[in-house]
Amino acid sequence: MKAATKFIHAGAHPDPSTGAIMTPIYQTSTYVQSAPGKHKGFEYARSQNPTRKALEEALAIIENGKHGLAFSSGVAATDAVLKLLLPGDEVIASNDMYGGSYRLFTKIFQNYGIKFHFVNMQDPVNVKAAMNDKTKLIWTETPTNPLMNITDIGAIAELTKGKKIWICVDNTFASPYLQNPLDLGADIVMHSSTKYLGGHSDVIQGALMMNDDELREKLYFIQKSSGAVPGPMDCFLVLRGIKTLHVRMKQHCENGRILATWLKKHPKVGRVYWCGFEDHPGYNVAKKQMKDFGGMMSFTLKDDTIEAAMKVLSSTKVFSLAESLGGVESLINHPASMTHASIPREERIKNGLSDALIRLSVGIEDAEDLIEDLNQAISK
Ligand SMILES: *Cc1c(COP(=O)(O)O)cnc(C)c1O
């Protein structure tokens with residue numbers, strides 16, 4: 001089935017009791033049994049909920065996976081993956097990634113005896129060099145937040161062939177419309193559904209998708225035992241969001257291309273980080289593994305000072321200054337003090353995330369209005 005049809009029909013079955021075309025919001029904590037153990041597959045809503053079930057089916061389908069699991073946030077989904085590990089196990093992770101994932105790894109899981117190696121994954125050789133017989137998980141984000149670096153998922157999968165190492169790809173930035181890591185050899189795909197899947201900045205949620213039955217059982221056990229499940233209303237919102245993912249993504253990509261190209265030519269702009277430029281170091285890999293280049297980008301000004309960046313950040317009128325991304329409305333963000341504040345400055349600078357970097361989540365408004373807005377903010 002082609003993307004457009006898949007996104008609209010994934011997980012959708014008329015409700016058996018009324019024929020309602022949308023799965024109802026089953027706002028219930030428990031289900032009545034006719035005798036102990038005699039029920040319709042639903043016992044208690046932390047373990048099963050029909051609205052969540054419909055969403056989880058959709059999540060699997062949109063990533064070309066066999067199984068999907070929904071969590072109360074993106075970091076709750078990440079937390080569940082890390083709970084597959086035991087003390088002494090080692091993880092290789094990207095040195096440029098979402099600040100909250102970095103915080104979870106270093107401030108929570110490191111205390112439980114799990115060791116992390118943060119490497120530059122733009123070259124798979126660095127991953128190979130960090131691998132040893134304790135390596136259990138490779139965690140990668142591509143494109144990365146906020147520098148838009150690209151990891152060759154297929155090349156990483158090649159390195160782990162025949163080894164008991166899981167590859168988990170945080171596919172939040174690309175969305176399943178642009179990239180399907182399971183098809184490229186990843187074992188688990190993680191999403192912050194808060195972003196493009198929900199798409200309307202009205203819900204916090206996370207997702208995991210996988211093919212392996214045993215891995216699904218392990219992660220389902222963690223989901224119900226640790227209990228970070230989303231409520232039925234939130235599941236409904238993400239289910240609804242997915243139906244328009246392909247239409248929104250096409251516009252995000254078109255606007256992204258227009259804005260990145262415009263920014264690159266602006267006399268006051270320094271460097272533009274967008275993986276659709278032919279001189280981007282990851283361009284060829286991005287072209288190979290993604291359908292298009294998306295609506296996320298970062299840039300610096302020629303006047304590379306925090307003061308100059310702050311002026312732009314507080315002068316936009318259509319772009320809202322806010323954390324998060326992937327909604328229909330455009331957002332502007334200062335990673336160093338907002339989304340990536342939990343990464344120590346020294347570490348951040350070493351990996352290329354400068355103090356004055358500005359990140360954009362280009363929405364699906366009229367591109368001309370977006371350009372006009374950025375232009376007045378940059379020219380101030
Ligand atoms: C937002 C985000 C997360 C965390 O997801 P939440 O839904 O905020 O918990 C993880 N990875 C990336 C790339 C993100 O942008």
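In this predicted model, the largest cavity is lined by Asn95, Asp96, Met97, Leu147, His340, Ile343, Arg348, Asn351 and Leu353. By class, that lining comprises 4 nonpolar, 3 polar and 2 charged residues. The volume of this cavity is about 60 Å³. In total, 4 cavities of 30 Å³ or more are present in the structure.

The ligand was examined next. A shell of 14 residues surrounds the ligand. Gly74, Asp170, Ser192, Thr194 and Lys195 are the closest of these. Polar residues number 7 in the shell, alongside 4 nonpolar and 3 charged residues.

Polar pairs involve three of the closest residues by name. At Gly74, a polar backbone atom is 2.9 Å from an oxygen atom of the ligand. At Asp170, the partner on the ligand is a nitrogen atom, and a polar side-chain atom of the residue lies 2.7 Å from it. At Ser192, an N or O atom in the side chain is 2.8 Å from an oxygen atom of the ligand. On its own, the ligand has 380 Å² of accessible area, of which the protein covers 93%.

The ligand takes up the space of the largest pocket. Two or more residues of the surrounding shell come from each of two elements, α3 (74–82) and β6 (188–192).

Conventions:
Residues numbered from 1 in each chain as written. Predicted model: local features only at pLDDT ≥ 70, side-chain atom pairs only at ≥ 80, totals over all residues. Heavy atoms only, no water. Near = heavy atom within 4 Å. Polar contact = N/O pair within 3.5 Å; in protein donor to acceptor, adjacent residues only side chain to side chain. Areas by Shrake-Rupley, 256 points an atom, 1.4 Å probe, with all protein chains shown as cover. 1 Å grid on protein atoms, 1.4 Å probe; cavity = no way out; pocket = protein on both sides within 12 Å on 5 of 7 lines; lining within 4 Å. Sits in = over half its atoms within 2 Å of the grid points. Helix = DSSP H or I, 4+ residues; strand = E, 2+ residues; numbered from the N terminus. Nonpolar A, V, L, I, M, F, W, Y, C, P; charged D, E, K, R; others polar. Points joined across faces, edges and corners; volume = space filled by probe spheres on them.
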